[in-house]
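Student: I've got a protein model open and I'd like to practise reading it. Can we go through it together?

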Amino acid sequence: MIVVQLIHILGPLKGEIQEFSDSAFSIGRHPSSQVCFPPDLTLVSRNHAEIMREGNQFKLVDHSANGTFVNGKRIKEIYLKNGDVLAFGEGGPKVSFLTQIQEDSSEVQTPPPPPLPSPLLKRSKIEPPRPFNERPSSAKPPASPPVGEASEEGPVQMSRVPLSIQYGPTIRSFKQLPVMIGRSPKCDFILDHPAIFDQHAQILFSQNQYWMKDLTGQGSVKVNRQPVSIQTPLKLNDEVALSPQGPVFRFLGEGRFAEVMEPSDEGLIEPPLKKGKGQQNLADEKGTKGFFSKLIKRKDS
């Protein structure tokens with residue numbers, strides 16, 4: 001099954017990732033459009049364009065007055081390629097076009113349950129008494145406690161779960177975790193960024209959760225502006241900064257990460273002003289004025 005992904009990189013739907021598996025879907029301001037823009041965005045026509053599947057290809061057909069542009073060139077009909085950037089109207093909303101192949105879950109069959117044990121095995125054995133401080137030979141050691149909210153070192157195991165990372169106009173999809181992020185060609189997701197280490201971070205899946213692991217040993221990776229000591233679970237809309245210089249991603253749930261072009265400033269605290277020659281901190285200045293005003297009132301009284 002081929003799934004079309006439209007990553008909104010400019011416009012009112014910026015940051016959203018829409019997926020379509022239909023043979024055709026429409027784009028415009030009309031309420032029936034699968035990609036529906038706000039009614040007041042008049043640069044986009046009510047029935048602006050349509051993307052339809054032909055075999056294993058997808059054709060974009062323009063129906064608008066203001067035009068549809070693919071990689072900066074106005075078109076009427078064109079077969080799209082992975083990574084093409086579509087603009088609806090000159091200077092209008094932009095999306096990145098991508099496709100990925102997914103397995104049809106309806107074809108996956110659940111294996112039959114194992115046969116029940118023989119009734120003879122259900123009989124309980126009568127064991128001779130043993131000293132109270134002796135552990136039976138068949139007893140298992142106590143299980144280790146579960147991984148906490150910020151685990152020191154969680155279990156790293158291969159998991160067949162989806163993962164997609166939108167970075168710029170492109171998206172990379174994976175079907176198995178963990179995924180290594182870094183500059184090294186040996187990494188699964190290669191980031192050519194000056195602040196990224198050769199082996200920088202790792203995305204894991206454990207205990208029905210996605211986890212982010214810092215491999216730098218320097219606390220470079222932060223989740224919601226808090227350094228990741230070793231690894232931490234991810235929640236919906238968590239903001240993941242791979243370094244102080246970026247890039248920054250938002251976790252959209254279900255293994256989807258989208259690049260954040262402008263990280264939110266929530267939680268930031270303005271640093272205090274540094275004192276220099278002939279300068280005073282604003283808070284000190286207010287405190288001084290308050291002190292002298294109280295002193296003057298006492299003298300007057």
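**Sheet, bridges and rings**

Tutor: Let's start with an open sheet of 5 strands, which runs in the order E15-E14-E16-E17-E20 with mixed pairing. Keep in mind that this is a predicted model.

Student: Which strands stand at the edges of that sheet?

Tutor: Look for strands that have a single partner strand, so that one side is left without a neighbour in the sheet. That fits strand E15 (189-190) and strand E20 (231-233).

Student: In what sense do E16 and E17 pair, and over how many bridges?

Tutor: Strand E16 covers residues 201-206. One spot to look at is Ala201, which stands opposite Asp214 in E17. The two strands pair in the antiparallel sense, over 6 bridges.

Student: Where is Ser220 found, and is it buried or exposed?

Tutor: Ser220 is in the loop between strand E17 (209-214) and strand E18 (222-223). Leaving out residues up to four places away in sequence, Ser220 touches several others, among them Phe197, His200 and Asp214. Its relative accessibility is 12%, and the cut-off for buried is under 20%, so Ser220 counts as buried.

Student: Now the charges. How many salt bridges does a search of the whole structure find?

Tutor: Here's the idea: side chains of opposite charge can pair when their charged atoms come close. Glu54, Lys59 and Glu77 are even linked in a network of salt bridges. For the whole structure, the search finds 7.

Student: Lys81 forms a salt bridge with Asp84. Which of these two residues is buried?

Tutor: The closest N and O atoms of this pair are 3.8 Å apart. Lys81 has a relative accessible area of 53%, so with the exposed cut-off at over 50% it is exposed. The other partner comes in at 4%, and under 20% means buried, so the answer is Asp84.

Student: What about Lys235, which forms a salt bridge with Asp238? How exposed is Lys235?

Tutor: In this pair the closest N and O atoms are 4.0 Å apart. Asp238 counts as buried, at 4% relative accessibility. Lys235 has a relative accessible area of 46%, which lies between the cut-offs of 20% and 50%, so Lys235 is partly exposed.

Student: Arg250 and Glu239 meet in a salt bridge too. How many residues apart are they in the chain?

Tutor: Their side chains meet at 3.1 Å, N to O. The pair links distant parts of the chain, with Arg250 in strand E22 (residues 248-253) and Glu239 in strand E21 (residues 239-241). Arg250 is partly exposed at 24%, while Glu239 counts as buried at 9%. Along the chain, they are 11 residues apart.

Student: How many disulfides does the count come to?

Tutor: You might check the cysteines here. Cys36 counts as partly exposed at 33% relative accessibility, and Cys187 is buried at 7%. A disulfide needs two cysteine sulfur atoms within 2.5 Å, and by that rule the count is 0.

Student: Last one, on rings: are the planes of Phe251 and Phe257 stacked, edge-to-face or tilted?

Tutor: The structure holds 7 aromatic pairs. In this one, the ring centres are 5.0 Å apart and the planes are at 50 degrees. Both residues count as buried, Phe251 at 5% and Phe257 at 2%. Stacked needs under 30 degrees and edge-to-face over 60, so this pair is tilted.

Definitions and conventions
Residues are numbered from 1 along each chain as its sequence is written. This is a predicted model: local features need pLDDT of at least 70, side-chain atom pairs count only at pLDDT 80 or more; totals for chains, interfaces and linings use all residues. Side-chain values use heavy atoms; hydrogens and water are left out. Buried means under 20% relative accessible area, exposed over 50%, partly exposed in between (1.4 Å probe, protein chains only). Helices (H or I, at least four residues) and strands (E, at least two) are DSSP runs, numbered from the N terminus. Contact means heavy atoms within 4.5 Å. Two strands pair if DSSP finds at least two bridges between them. Rings of Phe, Tyr and Trp (its six-membered ring) pair if their centres lie within 6.5 Å; planes under 30 degrees apart count as stacked, over 60 as edge-to-face and the rest as tilted.
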